[in-house]
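User: I would like to go through the terms used for this model one at a time, and to hear the reasoning that stands behind each of them.

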Amino acid sequence: MKLVTTFLLTLATFACTSANATPTTVTTQDGQSLQGDLMMPTTAPKAAVLILQGSGNVGMDGDVSGPFLGMPLPGQSGKLSLQIAEQLAQKGIASLRFNKRGVDHAEQLPNQKLPFLVDDAKSALEHLKQQLPGLRYGVIGFSEGGILASLLANDVALDGLYLMAAPTRHIDAMLGYQFYAWPTKHLLGHLGAMNTPVINASVVTANQALNIPLVGSPLNSLDLNQDGQISVYDEVLPFYQGFYQQVRGLLATPQFAGWYESFKNLRRFSEIATGIQAKQVFFYQGTKDAQVSSSWIMEDAYAFSVKPTIRLYHGLGHCFSPMSGEYGEIKTAGPLNSSMLSDLTKDVSGLLN
């Protein structure tokens, strides 16, 4: 018992002493103050990274939980950026995370769109360099943050660029995949109905535990006319077409229109990839990603000016955790898979060499 207690106390001490979190403020090009955190190792850092979170009104810790990404696995943390910062600090690498504009000041929510977000990332990187001059610098970007990181790397030379589940296709292609192509393929594939026009009552009964992907309602709620059968063409596909149109309608509202239009007008990712100025580029992608098809990066890797190292993680979703639900039909928002986090930490540690 004494040995166990000593071990736990040692772990607690290590967790408290392996990093020092220092509040800081990033001043943007238009004079906004964004609250941030400079995570420092206990020893003098030899490298530093900027961590950019995913889409939405997301704070510095990178908790992207919400209706589109789901919730963290039960009893675990979905603070993706914080997990990365803590791991890097243990390896002697400093990092900066910061709140998006809109988190601290709600009036800035309409400005959560590409031109402002890229400028904010640039200001944050400059802040990091001022606080810790003379080091090697990298940028880690998750999902939307991966796009921002890539755009930033078009303007600023980096020692390392680390892209986590970054979309390499047009926003409309990504939305169509996320809200129509992925859920219909996932649902029909699990029901063995890819080439069957009608799913009969026995199949529905046998799959009562299956929730409708993205929606979470029981499978039999797709039986709109309550005849004990689900028509693929008259019920399943129209249901998801309607769901997708609802999402498109939401993106046309004032709350989201500026964000959507800025990504809609973004130049092709192949052009962005060609302009990246980084000594090394790493790409991390889950094979069960419901937002970004894992095939995209394999097809688009040719466009990078520096050939990226691609790391695939089988069975993991967009946030690098397993999908939940009996059939993997429910999205999760973390925590980061330990193997993926270990690989990322090891790759970033290459900045020290």
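User: What share of the contacts between residues at least 6 apart in sequence joins residues at least 24 apart?

Analyst: In this predicted model, 72% of the contacts between residues at least 6 apart in sequence join residues at least 24 apart. One example of residues distant in sequence is Leu336 and Pro72, which stand 264 residues apart along the chain while their C-alpha atoms are separated by 9.6 Å.

User: Why is the protein called as compact as a globular protein of its length?

Analyst: The globule rule gives 20 Å for 353 residues, and the radius of gyration of the protein is 22 Å, which is close to that value, so the protein is as compact as a globular protein of that length. The C-alpha trace spans about 70 × 60 × 40 Å along its principal axes, and the chain holds 11 helices and 10 strands.

User: Why is Leu336 called buried, and where does this residue lie?

Analyst: The relative accessibility of Leu336 is 7%, and buried means under 20%, so Leu336 counts as buried. Leu336 belongs to the loop between E10 and helix H11 (338-349). Its contacts, leaving aside neighbours within four places in sequence, are with Leu80, Gln83, Ile84, Met164, Cys319, Phe320 and Leu341.

User: Met164 appears among those contacts; what makes E6 a mostly covered strand?

Analyst: In E6, 5 of its 5 residues are buried. Gly160, Tyr162 and Met164 are buried on one side, and Leu161 and Leu163 are buried on the other, which leaves both faces of E6 covered. In a regular strand the side chains alternate between the two faces of the sheet. E6 also runs parallel to E5, to which 5 bridges join it, and the bridge partner of Phe142 in E6 is Met164.

User: How do you know that E1 and E10 are the edge strands of the sheet?

Analyst: The sheet is open and consists of 8 strands in the order E1-E2-E4-E3-E5-E6-E9-E10, with mixed pairing. Strand E1 (19-27) and strand E10 (309-313) each pair on one side only, and they are the edge strands. On average, neighbouring strands of this sheet are turned by 20 degrees against each other, direction ignored. E1 pairs with strand E2 (residues 33-41) in the antiparallel sense over 9 bridges, and within this pairing the bridge partner of Thr22 in E2 is Leu38. Helix H4 (residues 144-155) packs on the sheet, where it touches strand E3 (47-52), strand E5 (136-142) and strand E6 (160-164), and its direction makes about 145 degrees with that of E5.

User: What makes Phe239 and Tyr240 an edge-to-face aromatic pair?

Analyst: The structure holds 8 aromatic pairs. For Phe239 and Tyr240 the centres lie 5.1 Å apart and the planes make 90 degrees; rings pair if their centres lie within 6.5 Å, and planes over 60 degrees apart count as edge-to-face, so both conditions are met. The relative accessible area of Phe239 is 27%, a value between the limits of 20% and 50%, and Phe239 is therefore partly exposed, whereas Tyr240, at 0% relative accessibility, counts as buried.

User: How do you know that Tyr313 and Phe320 are edge-to-face?

Analyst: Their ring centres are 6.1 Å apart, within the 6.5 Å limit, and their planes stand at 85 degrees, over the limit of 60, so Tyr313 and Phe320 form an edge-to-face pair. Both residues are buried. Elsewhere, Tyr162, Phe282 and Tyr284 form one aromatic cluster.

Methods. Residues numbered from 1 in each chain as written. Predicted model: local features only at pLDDT ≥ 70, side-chain atom pairs only at ≥ 80, totals over all residues. Heavy atoms only, no water. Pairing = 2+ DSSP bridges. Helix = DSSP H or I, 4+ residues; strand = E, 2+ residues; numbered from the N terminus. Axes fitted to C-alpha atoms, helices over the stretch in contact; angles between N-to-C directions. Contact = heavy atoms within 4.5 Å. Rg over C-alpha atoms; globule rule 2.2 N^0.38 Å. Phe/Tyr/Trp six-rings, centres within 6.5 Å; stacked < 30°, edge-to-face > 60°. Buried < 20%, exposed > 50% of the residue type's maximum accessible area, 1.4 Å probe, protein only.
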